[in-house]
Number of protein chains: 2
Amino acid sequence: MIIASRKEVAQLAGVSEATVSRVLNGVGPIREETRQRVMEAAERLGYTPNALAQSFARRRSGNLGVVMPYLPKARIFSAYYFSEILSGIGSKALEGKYDLLMLFREPGGTMDYLNLFRTQKVDACIILGAKDEEGERAAIRQLSEGRHPYCLINQHFEGESFHVMDADHVEGSYEAVKHLIEQGFRRIAFLNGPPEYSNSRDRMSGYCRALEEAGIELDESLLFEGNFSRKSGFAAAEKVAARLKGIDAVFAANDRMAIGLQQGLRSMGVPEEEMPAFVGYDDSDAAELGAPPLTSVRVPFYELGCLAAEHVLGMLEQTPSSAVSRIPLHRKLPTRLVIRASSLKRK
Amino acid sequence: MIIASRKEVAQLAGVSEATVSRVLNGVGPIREETRQRVMEAAERLGYTPNALAQSFARRRSGNLGVVMPYLPKARIFSAYYFSEILSGIGSKALEGKYDLLMLFREPGGTMDYLNLFRTQKVDACIILGAKDEEGERAAIRQLSEGRHPYCLINQHFEGESFHVMDADHVEGSYEAVKHLIEQGFRRIAFLNGPPEYSNSRDRMSGYCRALEEAGIELDESLLFEGNFSRKSGFAAAEKVAARLKGIDAVFAANDRMAIGLQQGLRSMGVPEEEMPAFVGYDDSDAAELGAPPLTSVRVPFYELGCLAAEHVLGMLEQTPSSAVSRIPLHRKLPTRLVIRASSLKRK
DNA sequence: CAATTTTATGTACGCGCGTACATTTTCTCA
DNA sequence: TGAGAAAATGTACGCGCGTACATAAAATTG
């Protein structure tokens, strides 16, 4: 059976194709009797407008693009982080009758975001896991200059005015470290993420501020770096273990690294009573599963996704002349420290 | 600045539009000099073919659809399960130059899968979380009859011959329960998922077989049901606790429920030494984070995603006359029991 | 009831590209 | 060098729909 198109419907209903279009789109005045006839004909033929042709004619794809970061080994969705954000975006896309188009960065070079719009692949897009590199900046700048509806999540760029939906990682980290200090720990190691991510740098700020406020001098030898994977946390265990006697507590930039580090230390034979206190970040599912349960900083990822999606879809409805989309959005949602056993002072 | 189209490129290069098309698509014989001129013109104008128009003209969207299940509260991506599968699909889609289109089931009725193809929204699609209900069956049957490239993951339908990429949950469950029996446990409770999912029924089969083989009679009062969420595991704790004296071990249909149940029991004040042994399912990240680490059945979700994607993309390349796509695929990948502390007999 | 407005429908075209077919140019070989 | 084959390019149209504009039908008014 061949798929019926507008033509057949028009024929069967005894009207012109334009009338069919109008009935189906609810455009213009239509006599009730005509509407009935058309609807019936469409029904009989099982007609559904071709979405591709509609998109082409309307010059709108109906897609909301989501740019995913490239992570080695491709298990990109594995992180709690992305899962939550995507769920948020997805729920709003559904509401707005948009489809979600997932776009994967290629391992090598920078992605040409502007091209997504020029080729009409998407009507709007949300960028996850952007890095602070010149190529990236340039690519995003093009979107801004072209007034395209886009939004970054959880990454901001110093000196640029981009649309960003962020969380307050300076404050979150500050609270985390302050908590450790209040617990009586003073030699607090920091397992941070790569500095190309603004949230890594933000965490560093918060970490430093808390130390400073407590009159603790920054000890560079207590700074470690991972890539947010559990494996990298595990790997960091070796370096941490080497100076374990000088470490009271560890603040990690996400839960996975914190847990990896814990596991690493244990696998190296560090006894439980010598384990430092721990605070993770993200408050992922894993945090409350840990032994001991992991104190962590809750980040409203789901909400970040919702708000970013609402923002870009909102821009889409504005007239080009409207000024709203020209004012770049920069919202910072608050984080919240969730205290569990891992960070409490043992007596 | 307006976006250049093929026409401008042709004009600038002094050739016809058709030639521009040919050069860009590498079709037909082209004089090298002409190719240069066209490429240069395209470069100068920053020309990129309009993907929407291309799709329309080619009558192929370039999209690989992924149907996501509707889960209440919308945190659909949260499960390890989907993360892994999506990563697998995503990696193959990327290889095949396809984009991933995420499609969300609406809460209520059945989704009209056939419509995805009729409207040309997708060229192929992969269906996750299908339930064994008549509407669902009918919808999938339409795809089969229309010889559309589709594939179900982790769900099969008795009596139908659909394209399915599955894992062997009968065997996986059998191994899990056998292991518990070998550890000396005999009164083994089973916290299963909803029976609308074939994998739930498969697990039940494996569970029964293992018991039978060991000469243990099935005790219906040891069967519990959750919905795969941690919360449902937590909720089941109440019922389980009521007859805790008669339970040596628990086999749960996924790790989240296992962990939820453990947490529930603890929160009800069940002392550690009275906790039953545990075996989970999926071998998610959470399994090795638990206290004690959770024995679990590893399911190759990532591979399921890869294979399903390869399958549908493969069907796409076949000529309609080719017979391969008519033979419904039904592959079952093996699972593997990963033994950790939670299931070991305490002396 | 004719002149006008309002409502309903039809006609015609463009969206940007792929591609079958027609035409022109270049090459080959006698 | 000229005829025929091969290579290169151009011409023309369709894909299915939205929609501006033209037209016809119905309603309104004086």
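A salt bridge is counted here where a side-chain nitrogen of Lys or Arg lies within 4 Å of a carboxyl oxygen of Asp or Glu. By this rule, the predicted model holds 38 salt bridges over all chains. One of them joins A:E95 to A:K92, with 3.4 Å between the closest N and O atoms. These two residues, A:E95 and A:K92, are three residues apart in helix 5 of chain A, which spans residues 80-95, and so they are separated by about one helical turn.

From this pair within chain A we can turn to the sheet of the same chain. Four strands of chain A form an open sheet, and their order is 7-6-8-9, with parallel pairing. At the edges stand strand 7 (223-225) and strand 9 (277-279) of chain A, each of which has a single partner strand, so that one side of each is left without a neighbour in the sheet. From one strand to the next, the twist averages 20°. Within this sheet, strand 6 (residues 188-192) and strand 8 (residues 249-252) of chain A run parallel and are joined by four bridges; in this pairing, A:L191 of chain A has A:A252 in strand 8 as its bridge partner.

Helices lie against this sheet as well. Helix 9 of chain A, residues 198-213, packs on the sheet and touches strand 6, strand 7 and strand 8 of chain A, while its direction makes about 170° with that of strand 6 of chain A. Helix 11 of chain A, residues 255-267, lies across strand 6, strand 8 and strand 9 of chain A, and runs at about 155° to strand 9 of chain A.

Chain B can be read in a similar order. Its open sheet of four strands has the order 7-6-8-9, again with parallel pairing, and the edge strands, each pairing on one side only, are strand 7 (223-225) and strand 9 (277-279) of chain B. The twist in this sheet averages 20° from one strand to the next. Strand 8 of chain B, residues 249-252, runs parallel to strand 9 of chain B and is joined to it by three bridges, and B:F251 stands opposite B:V279 in strand 9 of chain B. Helix 11 of chain B packs on the sheet, where it touches strand 6 (188-192), strand 8 and strand 9 of chain B, and its direction makes about 155° with that of strand 9 of chain B.

What remains is the place where the chains meet. The contact takes 51 residues from chain A and 52 residues from chain B, and the two chains bury about 4500 Å² between them, 57% of it on carbon and sulfur atoms. Strand pairing also crosses from one chain to the other: strand 2 of chain A (residues 99-104) and strand 2 of chain B pair in the antiparallel sense over three bridges, and A:L101 has B:L101 as its bridge partner.

Side chains take part in this meeting too. Between chain B and chain A the count is six salt bridges, among them the one that B:R256 forms with A:D285, where the closest N and O atoms are 2.9 Å apart. Across the interface there are 19 residue pairs in polar contact, both residues being at pLDDT 80 or more. On the side of chain B that touches chain A, at least two residues each are supplied by helix 4 (51-58), helix 5 (80-95), strand 2 (99-104), helix 6 (113-118) and helix 11 (255-267) of chain B. The largest share of that side, seven residues, comes from helix 5 of chain B. Sorted by kind, the residues of the side of chain B that touches chain A divide into 21 nonpolar, 16 polar and 15 charged.

Methods:
Residues are numbered from 1 along each chain as its sequence is written. Chains are lettered from A and ligands numbered from 1 in the order in which they are written. This is a predicted model: local features need pLDDT of at least 70, side-chain atom pairs count only at pLDDT 80 or more; totals for chains, interfaces and linings use all residues. Side-chain values use heavy atoms; hydrogens and water are left out. Contact means heavy atoms within 4.5 Å. Buried area is the accessible area (1.4 Å probe) that two parts lose on being put together, summed over both. A polar contact is a pair of N or O atoms within 3.5 Å; within protein, one must be able to donate a hydrogen and the other to accept it, and residues adjacent in sequence count only if both atoms are side-chain atoms. Ala, Val, Leu, Ile, Met, Phe, Trp, Tyr, Cys and Pro count as nonpolar, Asp, Glu, Lys and Arg as charged, and the others, Gly among them, as polar. Two strands pair if DSSP finds at least two bridges between them. Axes are lines fitted to C-alpha atoms, for helices over the stretch in contact, and angles run from 0 to 180 degrees between N-to-C directions.
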